[in-house]
Amino acid sequence: MPREVGLSGSRRWAGRREEAAGRGVSQGGPSPAANYTSQRDAGARTRTGASTMATVLSRALKLPGKKSPDLGEYDPLTQADSDESEDDLVLNLQQKNGGVKNGKSALGEAPEPDSDVEAAGAAKPHLSEVTAEGFPSEPLGGLEQKTTSSLVSYVRTSVFLLALGVSMILVLLCAFLIPCPPRDLHSTWSRRLGSQAGGDLSPLELADVNGDGLRDVLLSFVTSRNGSAVGVSRPAANLVCLSGMNGSALWSSPLPEEAREIMCLDLMPGSLAETTCLVTGIHKMLSAFNATSGKAIWTLNPSSLSNGTLAAPVAVLPDLDEDGVRDLVVLAIGEVQPDLCFLLVSGRTGSPLGRPVKYNIVGVGNLIGPQVYVTANGAVYILFGFGNIQAVALRDIFVQAQNRDSSPPSLQIEEPEWERRRSVNLSELIDIYSDGVELLQLVKAPDSNCSNLLITTRQGLVLLRGQNLTPYWTLSLPGLRSQPTPGYFTDDQTLDFLLQIQDGIGMKKMMVVDGNSSSIAWSYSAPCHVKDMPATSALTADQKSVFLFWAEGQSAAALNSDIVPGTEPPRVYHLHLLHPAFPSILLDLANATGTVTASEVGINDLWKDAFYVTRMTGLNSEGHPAPLVVSKLSLRWALMEGQVVQLKETTPKIGRGELRRFLSRIKFVDSPYQI
């Protein structure tokens, strides 16, 4: 509404002024008296028009819907859009098209009396709307709107700055208060734990006990031998945990006897409970330790084993007593070999779940098991034996231990192919394999959710299908005594196996057997006077495995001409790495003069790195026990620093730059081979 009135009035006023000027020129011009009278009337009209326009504009800026106090009736000008941008546009248009500015038109002339502006402003303006000089005062509504707009802008700016300041403070707090994941800055370290006073076993385990994302090292060793009342020497042992970051001691706990095995795991899957370490002794000790603090949670009462002793490490079972914690089973042996008994143990309290269950078996050879096997259908069996492999259903052990006729529904599942192998007299024992068994391993099957049985015998190697217990392949290898190391060497995504075979006096042969066809995929002979040196493997992100093994080399002392005749120089053992992409070379990563008795490979998930931990017995001087040394080596760091050992010439020849670029891109991932 104000826009239309302002434009139309200005245009008509300008048109009539031009028309009057034209008439004056055509008539030859007015007389001087007439000119004086005309100028006086024009000045009056100019002042009247300016006051009228100021009144109209001030009314137009008022809120819509109010009645004008001057006109006394509903003013249609107040129905205009009240947006500030439109009001400013009206004023600008009026000024550009000859509107009023400081009470004068653009040409300095007053509008005609019959203009719309003069007609609209016939009423006299109030003194409050016009100053003493005749200029219009600023409307009160405009001041209120400007004050409100300034206040809103101030509030918005204050809120924005306040939110920005709070955000910056939160970012700084998160940056300084939340610790960054610790980086494995110490690529390698070595710790000497003192002298080891005997002990034939070398338990070693890796587990993250302090929550820093790096796996720590747990081991047990004999510290001294104490004479008992009957004159029998009993060793005292310690359970020690070393930091995986720098090898510092996190905690230590005394043990009543030498430990056979250390196994750390979560007994409550799916919960946030702390890791538990199960320690099995060589006589009657079975204890659970809190991996974080090193304090004992529970210890099995030795009287529960009656006259028997623990024959093998503990095995983990499903939850049998429905208390939310997985339970355990131990195999005890009496003074006479046929007396074998199974004892179910609660994983929460360490108390026996019923009475011992005895079985009479006869065999010759190494003790096998116990190992828990779960079939594809969910049936649970316990594998064990002496020089052979037999199985017993867990439900049969549970029913006899609890002395009742029924078992939980989870234990009532049967595997038909296994049940067909029961003895003719319907015995509870199932015959699996009986031909000079030395070792038994459960390895992942590529085509099912169960595992296969890899059996090491005195004659060679046998792989049985876990689903129906039929042979997958058989390999004749006399002299195989060490445990095969599983890993991915070929491209068929089937587990292959690294073997160590005694090859004459002071020599051993390393070979990789294809897990799909049992053919020899790689072989290498190296000097080694130690009967058994542990080998291991690590999985990379491209589903390939690197194999690590020890071989003997010639020390610098052996090359010294000043060596005393008749004395044997110390032997140096080298850690070699084999990668499937470069089968014609080996990488010499490290060397040691002691005897490596145990080794483990752990994965640093954060940095995609693997580290190699060894337990080593150092050189002992006459009359002094050998020192125990624990070492850690970062594999990614060692790959870049290792020396290349050329096994055979290849065409084209492998360049050092190409090899370094390939090795720098290797990333390790955690994927256990055994189930």
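## Strand 29 and its surroundings

Seven of the seven residues of strand 29 are buried, so the strand is largely enclosed by the rest of the structure. Keep in mind that this is a predicted model. Burial holds on both faces of strand 29: Val572, His574, His576 and Leu578 are covered on one side, and Tyr573, Leu575 and Leu577 on the other. That split follows a general pattern: in a regular strand the side chains alternate between the two faces of the sheet.

What does strand 29 pair with? One partner is strand 28, in the antiparallel sense, over seven bridges. Within that pairing, Leu548 has Leu577 of strand 29 as its bridge partner. Another partner is strand 30 (residues 585–592), again antiparallel, this time over five bridges. Here Leu575 stands opposite Ala590 in strand 30. Strands 29 and 30 also make a hairpin, with six residues between them.

### Salt bridges

Back at strand 28, there is a charged pair to look at. The side chains of Arg571 and Glu552 meet in a salt bridge, 3.0 Å from N to O. Arg571 sits in the loop between strand 28 (545–553) and strand 29 (572–578), while Glu552 belongs to strand 28, so the contact ties together parts that are 19 residues apart in sequence. Glu552 is buried, with a relative accessible area of 13%, whereas Arg571 is partly exposed at 28%.

How many salt bridges are there? The count comes to 10. Three of them are set out here:

| Pair | N to O distance | Accessibility of Arg | Accessibility of Glu |
|---|---|---|---|
| Arg571 and Glu552 | 3.0 Å | 28%, partly exposed | 13%, buried |
| Arg395 and Glu414 | 3.0 Å | 12%, buried | 43%, partly exposed |
| Arg420 and Glu417 | 2.7 Å | 59%, exposed | 32%, partly exposed |

Now for the Arg395 pair. Arg395 and Glu414 are joined by a salt bridge at 3.0 Å. Arg395 lies in helix 6 (residues 394–402) and Glu414 in the loop between helix 6 and helix 7 (416–419), so this bridge, too, links parts that are 19 residues apart in sequence. Arg395 counts as buried because its relative accessible area, 12%, is under the 20% cut-off. Glu414, at 43%, is partly exposed.

The Arg395 and Glu414 pair doesn't stand alone. Arg395, Asp396, Glu414, Glu419 and Arg422 are linked in a network of salt bridges.

Ile413 is also worth a look, as a residue of the loop between helix 6 and helix 7. Its relative accessibility is 33%, so Ile413 counts as partly exposed. The C-alpha atoms of Ile413 and Arg395 are separated by 8.8 Å, with the two residues 18 apart along the chain.

Then there's the pair in the last table row. The closest N and O atoms of Arg420 and Glu417 are 2.7 Å apart. Arg420 is exposed, since its 59% relative accessibility is over the 50% cut-off. Glu417 is partly exposed at 32%.

### An open sheet

Which strands form the open sheet? Four of them do, in the order 23-24-25-26, with antiparallel pairing. Strand 23 (485–487) and strand 26 (520–527) are the edges, each pairing on one side only. From one strand to the next, the twist averages 20°. Strand 23 pairs with strand 24 (residues 496–502) over three bridges, and the bridge partner of Gly487 in strand 24 is Asp496.

### Other spots to check

Ser599 is in strand 31 (residues 595–604). Is this residue buried or exposed? With 11% relative accessibility, Ser599 counts as buried. Its side chain makes a polar contact of 3.4 Å with the side chain of Tyr612.

Asp208 is in the loop between strand 2 (204–207) and strand 3 (216–227). At 28% relative accessibility, Asp208 counts as partly exposed. The C-alpha atoms of Asp208 and Gly244 are separated by 8.2 Å, though the residues are 36 apart along the chain.

Finally, the surface. Leu162, Val166, Ile169, Leu170, Leu172, Leu173, Phe176, Leu177 and Ile178 form a nonpolar patch there, with about 970 Å² of accessible area together. One of these residues, Ile169, lies in helix 5 (residues 140–177).

Conventions. Residues numbered from 1 in each chain as written. Predicted model: local features only at pLDDT ≥ 70, side-chain atom pairs only at ≥ 80, totals over all residues. Heavy atoms only, no water. Patch = residues over 30% accessible without salt bridge, like charges linked within 9 Å, V, L, I, M, F, W, Y side chains within 5 Å. Areas by Shrake-Rupley, 256 points an atom, 1.4 Å probe, with all protein chains shown as cover. Salt bridge = Lys/Arg side-chain N within 4 Å of Asp/Glu carboxyl O. Helix = DSSP H or I, 4+ residues; strand = E, 2+ residues; numbered from the N terminus. Pairing = 2+ DSSP bridges. Axes fitted to C-alpha atoms, helices over the stretch in contact; angles between N-to-C directions. Buried < 20%, exposed > 50% of the residue type's maximum accessible area, 1.4 Å probe, protein only. Polar contact = N/O pair within 3.5 Å; in protein donor to acceptor, adjacent residues only side chain to side chain.
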